[in-house]
Amino acid sequence: MRPLTVLLAAPRGFCAGVRRAVQAVEDARAATDRPIYVRHQIIHNRRVTDRLETAGVRFVDELEQIPPDAVTVLSAHGVGREVAGQAARRAAPVLDATCPLVRRVHLEAARSAQAGRKIVVIGHEGHPEVTGILGHIDGEAAVAASPAEVEALGFAPEDPVAYVVQTTLSVDDARAVIAALHARYADVAGPDVRTICYATQNRQTALRRIAGRADRLVVCGARNSSNANRLREVGEAEGRPTLLIEEAGELPRAFVEEAEVLGVTAAASTPEELVQELLDRLASWRAISVSEVGDPEENVRFAPVDLGALA
Ligand code: SF4
């Protein structure tokens with residue numbers, strides 16, 4: 001068997017917000033006999049949601065689809081005020097698994113709108129996190145994901161503008177949009193790229209670190225996961241052929257045939273078992289030697305979701 005060096009980016013995989021949200025659903029399942037319904041995918045990973053579904057958890061798009069006696073869980077992506085209010089009026093318990101870092105963006109957006117600024121949410125229109133952020137803004141708001149979209153904004157150049165950034169954006173993309181905002185508007189307030197969360201930044205940095213040493217890169221993650229797609233783009237921007245796969249079985253042998261060194265990472269919503277399955281698949285083709293590059297420790301912990309409503 002030909003040798004293949006595999007570099008595993010560290011950190012990779014589950015972030016603190018995803019761990020907390022999944023734990024909340026599992027704990028709720030264990031704590032009550034009521035049906036458990038999650039509004040939206042709790043996190044963007046089918047493996048995780050399939051496992052929860054097997055345990056009896058159901059996923060729906062809207063609160064109206066949830067039976068009156070069921071426990072409602074709001075996903076890590078967060079919701080706007082209207083949906084939160086609707087949930088609060090339910091008679092049955094509601095658990096809010098919104099990531100605390102997403103909540104921070106809600107507060108920042110609401111505060112800037114109250115201060116009379118027009119808000120630009122730097123992010124991808126239609127992503128549940130962006131929809132939730134927009135739902136906390138009283139006043140004018142728009143979404144822009146690129147400098148071209150900043151050019152198309154309807155705000156006048158003299159308008160006071162503030163921006164917030166979707167937590168899972170690419171740092172470089174966000175910087176480009178912020179620069180475009182400063183070029184177009186005289187009065188721009190914003191947090192720089194600080195609202196891009198630590199987990200997103202760490203995973204992008206870790207991937208860049210291995211990209212320089214690898215011929216090709218594989219990102220394990222869901223195709224509807226924002227941070228997985230951003231990792232793929234980071235790999236491509238580093239000039240490496242980069243493949244995003246949801247399951248190990250999707251990796252075509254031809255992709256690694258010519259590689260001497262393969263870099264591997266996983267998005268913040270991807271369980272580590274997928275990386276291990278990928279390594280097993282690689283080991284069936286090549287004599288692999290695996291080293292982890294970087295520091296897997298992140299030391300970020302959030303208080304668990306309050307399950308008091310289930311008592
Ligand atoms: S990626 Fe960041 S913002 Fe999103 S759930 Fe994880 S910790 Fe929270």
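# Notebook: domains, helix H4 and salt bridges

**Entry 1: Arg208**

I began with Arg208, which at 27% relative accessibility counts as partly exposed, because the buried class ends under 20% and the exposed class starts over 50%. I am working on a predicted model, so I kept that in mind throughout.

Which partners does Arg208 have? I found one in Glu238, where the side chains of Arg208 and Glu238 meet in a salt bridge at 3.6 Å, N to O. Arg208 sits in helix H8 and Glu238 in the loop between H9 and S11, so the pair ties together parts that are 30 residues apart in sequence. Glu238 is partly exposed too, with a relative accessible area of 33%. I then looked up Asp172, and Arg208 forms a salt bridge with this residue as well, the closest N and O atoms being 3.2 Å apart.

**Entry 2: the domains, and where 1 meets 3**

Next I pulled up the domain assignment. It gives domain 1 as 4-14 + 198-294, domain 2 as 16-99 + 303-310, and domain 3 as 101-195. I looked at the pair 1 and 3, whose C-alpha centres lie 30 Å apart. Nine residues from domain 1 and twelve residues from domain 3 take part in the contact.

How much area do domain 1 and domain 3 bury between them? I read about 790 Å², with 46% of it on carbon and sulfur atoms. On the domain 1 side, Gln201, Ser226 and Arg230 lose the most area to domain 3, together 49% of what that side buries.

I also went through the polar side of this interface. There are six residue pairs in polar contact between domain 1 and domain 3, counting pairs with both residues at pLDDT 80 or more. H8 and helix H9 (226-237) each supply at least two residues of the domain 1 side that touches domain 3. H8 gives the most there, with five residues. The rule finds one salt bridge across this interface.

**Entry 3: helix H4**

I moved on to H4, residues 100-114, and checked its length. At 1.5 Å a residue its 15 residues should span 21 Å, and the end C-alpha atoms are indeed 21 Å apart, so the two agree.

Which residues of H4 are buried? My list reads Leu101, Val102, Val105, His106, Ala109, Ala110, Ser112 and Ala113. I traced what these pack against: helix H3 (81-88), strand S6 (118-122), helix H5 (128-134), strand S8 (161-165) and helix H8 (198-211). After H4 comes Gly116, and I noted its positive phi, near 95°.

**Entry 4: Thr98, just before H4**

Thr98 lies in the loop between strand S5 (94-96) and H4. Is Thr98 buried or exposed? With 1% relative accessibility, Thr98 counts as buried. Its side chain makes a polar contact with the side chain of Asp96, at 2.5 Å. Leaving out residues up to four places away in sequence, I saw Thr98 touch Arg20, Leu74, Ser75, Ala76, Gly78, Val79, Arg103 and His106. His106 was already on my list of buried H4 residues.

**Entry 5: more salt bridges**

How many salt bridges does the structure hold? The count is 22, and I picked out two further pairs.

Glu247 forms a salt bridge with Arg47, with the closest N and O atoms 2.5 Å apart. Glu247 is in the loop between strand S11 (242-245) and helix H10 (253-257), and Arg47 is in helix H2 (residues 46-54), so this pair ties together parts that are 200 residues apart in sequence. I found Glu247 partly exposed, at 26% relative accessibility.

The side chains of Arg81 and Asp138 also meet in a salt bridge, at 3.2 Å, N to O. This pair links distant parts of the chain, with Arg81 in helix H3 and Asp138 in the loop between H5 and strand S7 (141-144), 57 residues apart. The two ends fall in separate classes: Arg81 counts as partly exposed at 35% relative accessibility, whereas Asp138 counts as exposed at 52%.

**Entry 6: Leu153**

Last, I looked at Leu153, in the loop between helix H6 (147-151) and S8. Leu153 is buried, with a relative accessible area of 8%. Not counting residues up to four places away in sequence, Leu153 touches Val120, Ala142, Val143, Leu181, Arg184 and Tyr185. I also took one long distance: the C-alpha atoms of Leu153 and Tyr37, 116 residues apart along the chain, are separated by 37 Å.

Note on methods
Residues numbered from 1 in each chain as written. Predicted model: local features only at pLDDT ≥ 70, side-chain atom pairs only at ≥ 80, totals over all residues. Heavy atoms only, no water. Helix = DSSP H or I, 4+ residues; strand = E, 2+ residues; numbered from the N terminus. Expected span 1.5 Å × (residues − 1). Buried < 20%, exposed > 50% of the residue type's maximum accessible area, 1.4 Å probe, protein only. Contact = heavy atoms within 4.5 Å. Polar contact = N/O pair within 3.5 Å; in protein donor to acceptor, adjacent residues only side chain to side chain. Domains from an automatic or database assignment. Buried area = accessible area lost by both parts, 1.4 Å probe. Salt bridge = Lys/Arg side-chain N within 4 Å of Asp/Glu carboxyl O.
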